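The following exercises concern ring contacts and backbone geometry. Each task is followed by a worked solution.

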Amino acid sequence: MRKMMWFGIGFAAAIAIGVYGTGAESYLLLSGVSAVMLAISLLCMLRFRFARQAAMVCFAACVGFLWLTGFDAIYLSGLDAYNDKVLTVTLTATDYSGATDYGAATQGTITLDGKQYRIQIYHDGQISLSPGDTVTGQFLLRSTLPGGAQDSQHYRSNHVFLTARPRGELSVSQCIKIPLSAYPAVLRRQIQQKIESAFPADTAGFAKALLLGDTDAIDYQTDTSFKVSGIRHVIAVSGLHVSVLFSLVHILTGGKKWFTALLGLPALFVFAAVAGFSPSITRACIMHSLMVMAMLLDKEYDPPTSLAFAVVCMLAADPWVVTNAGFQLSVFCVAGIFILSGPIKNYWTDKKRFAKAKGIRKKLAAGFATSVAVSLGAVIFTAPLCANYFEMVSLASPLTNLLTLWAISFIFYGIVLVCGLSLFAPGLASAAAWLVSWLIRYVLWIAKAVASFPLAAVYTESVYVVLWLVFAYGLLLVFCLWKKKRPLLLGCCAAVGLCVALAASWTEPLLDDYRITVVDVGQGQCILLQSDRKTYLVDCGSYSDTYAADRAASVLLSQGISRLDGVILTHFDSDHAGGVAYLLTRVRADALYLPNCLDEDNTAQVLLDYAGGDVITVQQDTVLSFGETRITLYPSEKGFSNNENGLCILFQRDNCDILITGDRSASGERELLQHTALPDLEILIVGHHGSKYSTSRELLIKTTPDIAIISVGADNSYGHPTQEVLDRLTYYGCRIYRTDQDGTVIIRG
């Protein structure tokens, strides 16, 4: 019956329901509900075929909810007392300090009430921490749990339940003797240095990513090409890498099972430790260990049971790992391969056209069928997750995997060889790295070439693409239940559905006279102006430059827009301009309109390298007129701060007038009112994300906007939008929309 598999399904389902859908106060209630369902299943066991499986799932769910109750009560509940408190504590670094946009960060541990927690330490970068170093001082501690001051699923999913920010002077005690627990981080740093010294600059980043999962040196354009082409998993250390490493050990030991076990299992866990025990690696190591044990004991190895055991072990150690994207993708990928790859391969190899194949032709046909089957099985199970996390589904993934995965094993072996040679023959290591680099360049070229295809990926920003996904999976369900299997009919229906979805996504915006999209980019601003078949983008920035670029690209590409008529920047602050350079690597622009204001980060010079059209610095009122649309750019005439010198934009079409003031405060708004006679507004993009210093009474009285849209991030540290501004907008009769509450806001006319 595969009891472990059904237990794993029930246990994982309970953990997911508890973590995602309910609070700690409901765990016991849900456990009771599961117990009742278990009793009902036991009563039905003699009458219904699947009652045993249902009973095991219910039993596992009951255990899962009880486990969550205990984990929360024993390990996590005590963190509430330290949330948002300044305390004098001692932290121990477990890794090297790394640069961030706001200084530096170091992973570490802290002991509170006799329990050790992993913690993310933020500091100004003036101190450099290494594994084993301790730092003592006053820190502001924040919990990352739901309701905590640093509520963050990203931290929780990586077992980081606290963050720390210094308040005052810190005392650093350097580690004299490296503790055993710090050896993996030290070894990882040494391997990084070996790769950097041996490999050419254009391939070293990929080599580090493939071997260690270190993607810091992978540029945005390359990373995007991997996502779009569907092979992002090769630079996120996963079960693929564990399989490749174990295959190498198996070859080196001549296939002798005891020798393979004695050498392979330690090698796997050392590799996992060096790579940071990411969830996908941990899952693969557990499954490979079970496979080796089955081999040694001459027992049957059952992959679904092995996967379920690995999932239960990981969730028991840390239930919050269920929210980790890598864990989810890894588990669903393996499940898809186990469930679908066999039937898909059998279908292809059983066809008459392969019946007469012999010798090398038969082996090639079988290899091709296996590769396609594995890729399709993984894609079918992981596509919904990719749609959720990456806002895209790669249609080219099976092709790209077929063209590149054969090379990944050789590249991996080559990198290991280079690292080994560098210990005693650096010159020989460099020569080997030079050879391996050609294979790396091949993979990079394939990824970029495939990603450049117009339909390499589709974007789930479009509701029509989402509906197509639902339709496609509905077709797949019908196919599985239908006795007469007709995959060609299934493929044709899915392809026709995709064409309809894309046609609707691309043509619907053209049916509107105008369309204004305030993109939800978090704490930043990005606005799309569409009218008379022209498209202009105002600003593109957020707390993360790459996130802003991804969000903007998703909106544009979902409509089939690969080239903008213009990009307009209100000013150069990163939350308005930081993502533009990255966006221009994916979507070109005919013109770039820049403000004549302070540019501390030299953003304008950076943008010149990416601009594919005219670059215009706006020093006087500039009108962009086309069809029935008029866009007026208003520069500042006085020398104020960077925010006040930014551009204001007035969009006019028929009876719709929209004003964008950037980050101008009340003084900048008064200057604009003195400079020009603004019309009554239908829409006001609220200035400075709802700061109390912007959106003055004078502006509201003069323009009387009907709708106010605030581009703002949820729970931002600035307190935007302020209650003062919200009250002011309400007083003057504005209907308010906020991206932190309403998501992306679209106004159609």
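Two rings of Phe, Tyr or Trp (its six-membered ring) are paired if their centres lie within 6.5 Å; planes under 30 degrees apart count as stacked, over 60 as edge-to-face and the rest as tilted. The model examined here is predicted, and it holds 15 aromatic pairs.

**Exercise 1.** Classify the aromatic pair formed by Phe71 and Tyr75, and place it in its surroundings.

Solution.
1. The ring centres of Phe71 and Tyr75 are 5.4 Å apart, and their planes make an angle of 45 degrees.
2. This angle is neither under 30 nor over 60 degrees, so the pair is tilted.
3. Both residues belong to helix α3 (residues 51–76), where a spacing of 4 residues corresponds to about one turn.
4. Phe71 is buried because its relative accessibility is 12%; Tyr75, at 17%, is also buried.
5. Together with Tyr117 and Phe161, Phe71 and Tyr75 make up one aromatic cluster.

**Exercise 2.** Determine whether Asp113 is buried or exposed, and do likewise for His689.

Solution.
1. Asp113 has a positive phi of about 55 degrees, and His689 has one of about 60 degrees; neither is a glycine.
2. Most residues other than glycine have a negative phi.
3. Asp113 occupies the loop between β3 (103–112) and β4 (115–123); with 58% relative accessibility, it is exposed.
4. His689 is in the loop between β21 (683–685) and α24 (697–703); with 2% relative accessibility, it is buried.

**Exercise 3.** Which peptide bond is cis, the one that joins His720 and which residue?

Solution.
1. The partner is Pro721, and omega is about -10 degrees.
2. Pro721 lies in the loop between β22 (707–710) and α25 (723–731).

Conventions. Residues are numbered from 1 along each chain as its sequence is written. This is a predicted model: local features need pLDDT of at least 70, side-chain atom pairs count only at pLDDT 80 or more; totals for chains, interfaces and linings use all residues. Side-chain values use heavy atoms; hydrogens and water are left out. Helices (H or I, at least four residues) and strands (E, at least two) are DSSP runs, numbered from the N terminus. Buried means under 20% relative accessible area, exposed over 50%, partly exposed in between (1.4 Å probe, protein chains only).
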